[in-house]
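Subject: Handover of a structure model

Dear colleague,

Please find below the structure that I am handing over to you. My findings follow directly after it.

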Amino acid sequence: MTEPNPPDETRSVEQPPNYVGSLAEAHGVSGYTKTPDGTVVYAAYNDGTYDLRTRDHQLTDAEGDITSPKWLQGRESLLAYRDKNGTEQFDLLEVYLETGAIRSVLDDQFLNFKARQHPTDTNRIAFVSNRDRSLDLYTLHLDEGKITKRSEADEPVMGYAWSPSGQRIVYQAGTFENSRLRLVDLHLDRDDVFLDEPDSEQSLAFTDDGYGAWSEAGIVFTTNHQTGYRELAVADGDGDYELQYVNNRDKYDPQWTVDGDIVFLESRGGNRRLCVLSEGEVTSFERIGMNIDVKAIDGDVYYKHSSPATTGDLRRNGTTLVEESRVDVRTVVPEDISYESFDGQAISARLYKPAEEPIGGIVKAHGGPEAQHYNRLDMVTQTLVHAGFEVLAPDFRGSLGYGREFRKASDGDLGGDDLTDVVAGAEYLRNRGRDTVGILGASYGGYMALMGVGATDAFDMGASVCGVVNWKTTVEDARQYLGDVVIRKFEGTPAEKPDRYEERSPITYVGDIDVPLLLVQGANDPRVPQSEAEQLVASLSEREIDHEYLLFENEGHGIERTANRIEYITQTVEFFTEHVGNRRTTAIPTTR
């Protein structure tokens with residue numbers, strides 16, 4: 001392994017005239033693999049779509065985004081995904097390396113992903129799909145086309161690992177709450193509980209999909225049963241396990257190397273460090289940024305690295321292998337700070353400061369809710385800072401990275417104390433001298449923005465990207481596994497808790513919105529459907545409330561294409577800049 005690399009510096013080059021365009025063109029790799037002759041194949045963005053390529057040439061030029069290549073041993077081909085316009089209905093493709101020809105493996109209306117080849121049977125793969133209901137585990141014979149469902153758990157399958165012989169598969173049932181490990185025996189056609197500790201989570205997949213979690217040395221996973229934090233553990237084939245590394249910090253996505261070491265990710269504030277455990281000693285060889293898509297291959301560790309100056313380069317052992325995402329404009333490295341919420345709870349946050357005296361403040365709420373704000377290239381935030389805003393990005397209650405108790409603090413209370421933490425962030429910025437404070441967020445962060453301008457008096461303006469408007473219709477209209485997550489977080493269905501669903505839905509507070517509001521939506525969003533935004537737009541228009549609506553016909557849950565990014569970022573920053581002077585008459589932010 002290399003020595004730990006230093007933090008990425010704030011870029012110091014001269015500013016080009018098109019700051020937004022320079023940021024928007026940075027897309028990063030979207031999956032990669034290594035062929036037996038050492039060639040690295042990766043997915044890169046070019047002229048509106050992702051295609052597969054090597055350093056020397058482009059392999060595919062097909063309709064839709066072709067991503068996440070995986071080498072198929074014995075078939076001399078690649079397995080890849082195809083998505084069209086952000087619908088997240090991934091088709092499975094077989095791509096022939098020599099010619100770039102494509103054969104459709106699965107092309108239907110379902111989400112098919114997390115596909116990996118059987119360790120010994122070259123014609124069989126496993127994959128995860130929502131073809132029956134939620135997310136389940138399946139196997140597929142590539143030549144015969146036979147699909148067999150393998151999982152029996154009620155909870156969604158989040159990741160899995162083949163046993164070295166391929167006779168069994170261990171998988172993670174459940175997302176965050178009480179996730180457990182189950183074991184499928186392919187010969188006996190059985191699915192049994194493998195590890196299920198009470199009041200805790202056992203996990204082998206979070207950002208990634210369980211790749212490399214099972215070797216001859218056992219199954220490596222994380223459990224927070226003992227300390228409340230996700231600690232490294234190794235289990236034998238019978239489910240008996242021992243903790244391997246404990247330090248009261250959340251860890252994710254462990255996997256084995258060929259040398260018997262364990263590679264894993266560890267949460268440290270806004271950074272997700274890449275670490276290796278070898279003979280009881282831990283080394284961090286990527287200390288900053290957001291590191292994901294980790295694969296230990298042939299003695300090397302490959303991964304996708306993002307920082308405040310990059311949005312997804314491919315690295316190997318700490319060295320950049322494929323640079324697709326570094327920008328040539330000045331970006332700001334945020335400061336890790338904390339502030340007190342109204343009940344004294346300490347809230348960790350990233351604080352982005354402009355070079356000159358700020359013209360106003362923005363609270364940037366992350367998605368999830370079980371997520372956090374990472375030190376990666378947040379294009380809207382960087383452009384707002386470049387325009388003169390000070391931006392605070394808090395890890396409010398319910399966020400990841402701070403142990404089980406903090407993560408569960410929003411259970412049954414979405415839009416409650418977590419929103420109060422965000423409101424306290426606005427007060428923090430006002431105490432720093434920011435007369436005008438806005439709120440911005442995407443997905444769950446978009447929900448927080450809508451609640452912030454409707455259910456509180458904390459903000460002078462707001463912008464919501466793909467934000468939840470009505471929890472009841474979200475459960476009804478979104479994919480089942482997402483609806484199941486919402487029901488779990490509310491601790492009941494809309495029929496069981498109608499008052500709570502209504503109380504915590506932004507649509508309830510439309511009549512209370514009296515500040516400018518920007519809504520951004522992807523027409524193909526499968527997580528927060530366009531119908532959510534349309535509900536709010538209709539109500540805002542009926543009440544003649546100051547608002548703007550930006551709809552992208554070829555986007556899903558987020559704005560990805562360069563031209564769309566430019567329009568979205570530009571209009572968002574112009575929106576906040578235009579309304580800097582629109583301060584509320586309310587002196588102290590409050591919740592209604």
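Aspartate 293 touches Gly31, Tyr32, Asp208, Tyr302, Tyr303 and Lys304, when residues up to four places away in sequence are not counted. The residue belongs to strand 25, which covers residues 290-297. Its relative accessible area is 18%. Because buried means under 20%, aspartate 293 is classed as buried. Please bear in mind throughout that this is a predicted model.

A second aspartate merits a description of its own. Aspartate 411 is found in the loop that runs between helix 3 (404-407) and helix 4 (417-431). Its relative accessibility is 15%, so aspartate 411 also counts as buried. The side chain of aspartate 411 is joined to that of lysine 408 by a polar contact of 2.9 Å. Leaving out residues up to four places away in sequence, aspartate 411 is in touch with Glu177, Arg488, Lys489 and Glu491.

Two of these contacts of aspartate 411, Arg488 and Lys489, carry numbers that fall within helix 7 (residues 480-490). Among the elements of the protein chain, helix 7 has the lowest mean pLDDT, at 80, whereas strand 32 (residues 389-394) has the highest, at 98. For the protein chain the average pLDDT is 90, and 95% of the residues score at least 70. Two stretches call for caution. Over residues 1-16 the pLDDT is below 50, and this stretch has 45 contacts in the model beyond near neighbours in sequence. The pLDDT is likewise below 50 over residues 585-592, where the corresponding number of contacts is 21.

I turn next to the sheets. Strands of a sheet pair through backbone hydrogen bonds, in either a parallel or an antiparallel manner. One open sheet consists of four strands in the order 12-13-14-15, with antiparallel pairing. Its edges are strand 12 (157-162) and strand 15 (190-195); each has a single partner strand, so one side of each is left without a neighbour in the sheet. On average, neighbouring strands of this sheet are turned by 30° against each other, direction ignored.

Within this sheet, strand 14 (residues 180-185) pairs with strand 15 in the antiparallel sense over five bridges. Leucine 181 stands opposite leucine 195 of strand 15, and arginine 182 has valine 193 in strand 15 as its bridge partner. The hairpin of strand 14 and strand 15 has four residues between the strands, and aspartate 189 takes a positive phi near 55° there.

Another open sheet is also built from four strands, in the order 8-9-10-11, and its pairing is antiparallel. Here strand 8 (112-117) and strand 11 (147-149) stand at the edges; each has a single partner strand, so one side of each lacks a neighbour in the sheet. The average turn between neighbouring strands of this sheet is 25°, direction ignored. Strand 10 (residues 136-141) and strand 11 are paired in the antiparallel sense over three bridges. Tyrosine 138 stands opposite lysine 149 in strand 11.

Two helices remain to be reported. Helix 2 (residues 379-386) is mostly covered, with seven of its eight residues buried. Those buried residues are Met379, Val380, Thr381, Gln382, Thr383, Leu384 and Val385. Glycine 388, which follows helix 2, has a positive phi near 115°.

Helix 10 (residues 562-578) contains alanine 563. With a relative accessible area of 57%, alanine 563 is exposed, since the exposed class begins over 50%. The C-alpha atom of alanine 563 is separated by 44 Å from that of glycine 228, and the two residues are 335 residues apart along the chain.

Finally, how many disulfides does a search of the whole structure find? The search finds zero. Two cysteines may be recorded in this context. Cysteine 275 is buried, with a relative accessible area of 1%, and cysteine 466 counts as buried at 2% relative accessibility.

Yours sincerely

Conventions:
Residues are numbered from 1 along each chain as its sequence is written. Side-chain values use heavy atoms; hydrogens and water are left out. Buried means under 20% relative accessible area, exposed over 50%, partly exposed in between (1.4 Å probe, protein chains only). A polar contact is a pair of N or O atoms within 3.5 Å; within protein, one must be able to donate a hydrogen and the other to accept it, and residues adjacent in sequence count only if both atoms are side-chain atoms. Contact means heavy atoms within 4.5 Å. pLDDT is the predictor's confidence in each residue, from 0 to 100. A disulfide is a pair of cysteine sulfur atoms within 2.5 Å. Two strands pair if DSSP finds at least two bridges between them. Axes are lines fitted to C-alpha atoms, for helices over the stretch in contact, and angles run from 0 to 180 degrees between N-to-C directions.
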